[in-house]
Amino acid sequence: MKAIILNETNTKVRLERYAKRLPSEEEILDFEQSLRYSLPIDYKEFLLAYNGGVCELKNVIMPISGYLCDLFGLYPDDYETNLMTLKLPNDPELIELWGELPSNLLPIGEVDSGDMIAIEFGNGTSKIIVVDHEGGGVEGIASASTFTEFLVNTIKE
């Protein structure tokens, strides 16, 4: 298991399974150009250091009381893994899973209930939100101003 440490902050979140290959800064930049938004600095730090994974099911996201499950990573097309990968909001797989998504919403993870963890971009800022998969919309049911804050605010069971 790997503990997620970002910006010298131990988030207390641990990855049970994680990517064997880390992305390059160039791969992240290429993804950002396709996305048309800059990823938050701490999320880029996460990708460069961990590149996603399956979380130890002991971290409860408040106030929704759901377990933090998957954090998506960035992989080149030829990399085979059973971990979830980042996909642009208009990706057919995402549309099939969650329906039409606004272009300013990037799914970056899942809660054990199937709710989406996403970065919501707007007006030169971004925040992390949890979207109810049964709600029929993209209103956040929980949020944090940074990815690090989101992880730190999960409660270790």
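**View 1. Lysine 156 is partly exposed, at 37% relative accessible area.** This is a predicted model. The side chain of lysine 156 meets that of glutamate 56 in a salt bridge, with 2.8 Å from N to O. The two residues belong to distant parts of the chain, 100 residues apart. Lysine 156 sits in strand 10 (residues 155–156). Glutamate 56 sits in the loop between strand 3 and strand 4. The pair also counts as a polar contact between side chains, again at 2.8 Å. Side chains of opposite charge can pair when their charged atoms come close.

**View 2. Glutamate 56 is a buried loop residue, at 8% relative accessibility.** The loop that holds glutamate 56 runs between strand 3 and strand 4. Which residues touch glutamate 56, leaving aside its neighbours within four places in sequence? They are Met1, Arg14, Glu16, Leu68 and Lys156. Lys156 is also the salt-bridge partner of glutamate 56. The linkage takes in a further residue: Glu56, Lys58 and Lys156 are joined in a network of salt bridges. Burial differs across the pair in View 1, with glutamate 56 buried and lysine 156 partly exposed.

**View 3. Lysine 44 and glutamate 32 form a salt bridge between two helices.** Their closest N and O atoms are 3.1 Å apart. Lysine 44 is in helix 2 (residues 41–49), and glutamate 32 is in helix 1 (residues 25–35). Twelve residues separate the two along the chain. Is each partner buried or partly exposed? Lysine 44 is partly exposed, at 25% relative accessibility. Glutamate 32 is buried, with a relative accessible area of 8%.

**View 4. Lysine 127 pairs with glutamate 120 in a salt bridge.** The N to O distance here is 3.7 Å. Both ends are partly exposed: lysine 127 has a relative accessibility of 36%, and glutamate 120 has a relative accessible area of 24%. How many salt bridges does a search of the whole structure find? The count is five. Among them are the pairs of lysine 156 with glutamate 56, lysine 44 with glutamate 32, and lysine 127 with glutamate 120.

**View 5. Strand 5 (residues 66–71) is mostly covered.** Five of its six residues are buried. Strand 5 pairs with strand 3 (residues 53–55), running antiparallel and joined by two bridges. Here valine 54 has aspartate 70 of strand 5 as its bridge partner. Strand 5 also pairs with strand 6 (residues 105–111) in the antiparallel sense, over three bridges. Leucine 71 is matched by glycine 109 in strand 6. In a regular strand the side chains alternate between the two faces of the sheet.

**View 6. Strand 4 and strand 5 form a hairpin.** Strand 4 covers residues 59–61. The two strands pair in the antiparallel sense, over two bridges. Valine 60 finds its bridge partner in tyrosine 67 of strand 5. Four residues lie between the strands. Which residue in the turn has a positive phi? Serine 65 does, with a value of about 60 degrees.

**View 7. Cysteine 55 and cysteine 69 are not bonded to each other.** Why is there no disulfide at cysteine 55? The closest cysteine sulfur, in cysteine 69, is 7.4 Å away, which is too far for a bond. The cut-off for a disulfide is 2.5 Å between the sulfur atoms. Cysteine 69 is likewise in no disulfide, and its nearest cysteine sulfur is that of cysteine 55. The structure as a whole holds zero disulfides. Both cysteines are buried: cysteine 55 has 1% relative accessibility, and cysteine 69 has 19%. A residue counts as buried under 20%, so the value for cysteine 69 still qualifies.

**View 8. Aspartate 132 lies in the loop between strand 8 and strand 9.** Strand 8 spans 125–131, and strand 9 spans 140–144. Is aspartate 132 buried or partly exposed? Aspartate 132 is partly exposed, with a relative accessible area of 28%. How far is its C-alpha atom from that of glutamate 100? The separation is 14 Å. Along the chain, the two residues are 32 residues apart.

Definitions and conventions:
Residues numbered from 1 in each chain as written. Predicted model: local features only at pLDDT ≥ 70, side-chain atom pairs only at ≥ 80, totals over all residues. Heavy atoms only, no water. Buried < 20%, exposed > 50% of the residue type's maximum accessible area, 1.4 Å probe, protein only. Pairing = 2+ DSSP bridges. Polar contact = N/O pair within 3.5 Å; in protein donor to acceptor, adjacent residues only side chain to side chain. Contact = heavy atoms within 4.5 Å. Salt bridge = Lys/Arg side-chain N within 4 Å of Asp/Glu carboxyl O.
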